[in-house]
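Here are a few exercises to help you find your way around a new structure. Grab a pencil and work through them step by step.

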Amino acid sequence: MKQDYNGQECVLEIRHMKKVFGQLEVLKDISLSVRQGEVVSIIGPSGSGKSTLLRCAAMLEQMDGGELIYLGEQAAGDRDGACVYASREKLKQIHKYFGLVFQNFNLFPHYTVLKNIMDAPVCVDKVPKQEARERALKLLDQLGLADKADAYPYQLSGGQQQRVSIARALALQPRILFFDEPTSALDPELTGEVLKVIRQLAREHMTMIIVTHEMQFARELSDRIIFMEQGVIRQQGTPEEIFTAPNARVKEFIGKFAG
């Protein structure tokens, strides 16, 4: 297992990732690695490639170049000028290493909260139903939703729906969680509920990559912040480095939070 300079596992490595849509090069030579227990926030203007980066990392989009490695296992890599993915069997195993929380919840409307959380462990990971149920109920309790197990998504607030989607991702017991603008569909009052859950996960040393526009949250929570623009990483560093010593473009972007 590859380890970084602190002796911690590298959960995710991205090397020279590229993604093209038609004539538009959305990701241009993106490289980053994420250590076990690290929280990495990705910030930047709309259209900078942040969500595409997450979608490629989660294999919802195919890369057009580069390498994608989880826990030392290569999911995709360059071969003879093309980006080639691992076998279906290997990718099935690698998919278990990560979970993704979408900005628009993506819950099954015709399933109860409990069934939404149990479905993937039972159907994908073949977890026995009773074990999946116990796992789901424990997560609901931890996320303050113990009384919502039999409710349907339409009966929940947006903040509650997003907490259910976090529970659903956690139910698969991933090694890393991706959050794609987890509060962008919520009003400010409900945003706090979701950020509280993410803070708790950080305290529990959950490895996370968070695409966010919540600057203060990124500053408080992150071990590292990456600023992206026009498909490239313009600056990365600790929150202190990004907010007290930003380059000119980052300073312009974060505005009142700089300094």
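Before we start: two strands count as paired if DSSP finds at least two bridges between them. Also keep in mind that this is a predicted model.

**Exercise 1.** Work out how strands E4 and E5 are connected and how they pair.

*Solution.* Start with the bridges: E4 and E5 (residues 73–79) are joined by three of them, in the antiparallel sense. Next, pick one pair to look at: Ile 69 sits opposite Gln 74 in E5. Finally, check the link: the two strands form a hairpin with two residues between them. In that turn, Leu 71 has a positive phi of about 50°.

**Exercise 2.** Find the other partner strand, E1, and decide whether E4 is largely enclosed.

*Solution.* E1 (residues 10–21) runs antiparallel to E4, with five bridges joining them. One example is Leu 12, whose bridge partner in E4 is Tyr 70. Now for burial, where the cut-off is under 20% relative accessible area. Five of the six residues of E4 (residues 65–70) are buried, so this strand is largely enclosed by the rest of the structure.

**Exercise 3.** Track down the largest nonpolar core and see what supplies it.

*Solution.* This core has 40 residues, and Ile 166, Phe 179, Leu 201 and Met 208 have the most contacts inside it. Elements that each supply at least two of its residues include helix H5 (158–170), strand E8 (176–180) and strand E9 (207–211). Helix H6 gives the largest share, seven residues. Apart from this core lies another one of 36 residues, among them Leu 32 and Leu 68.

Technical notes
Residues numbered from 1 in each chain as written. Predicted model: local features only at pLDDT ≥ 70, side-chain atom pairs only at ≥ 80, totals over all residues. Heavy atoms only, no water. Buried < 20%, exposed > 50% of the residue type's maximum accessible area, 1.4 Å probe, protein only. Helix = DSSP H or I, 4+ residues; strand = E, 2+ residues; numbered from the N terminus. Core = buried A, V, L, I, M, F, W, Y, C linked by side-chain atoms within 4.5 Å.
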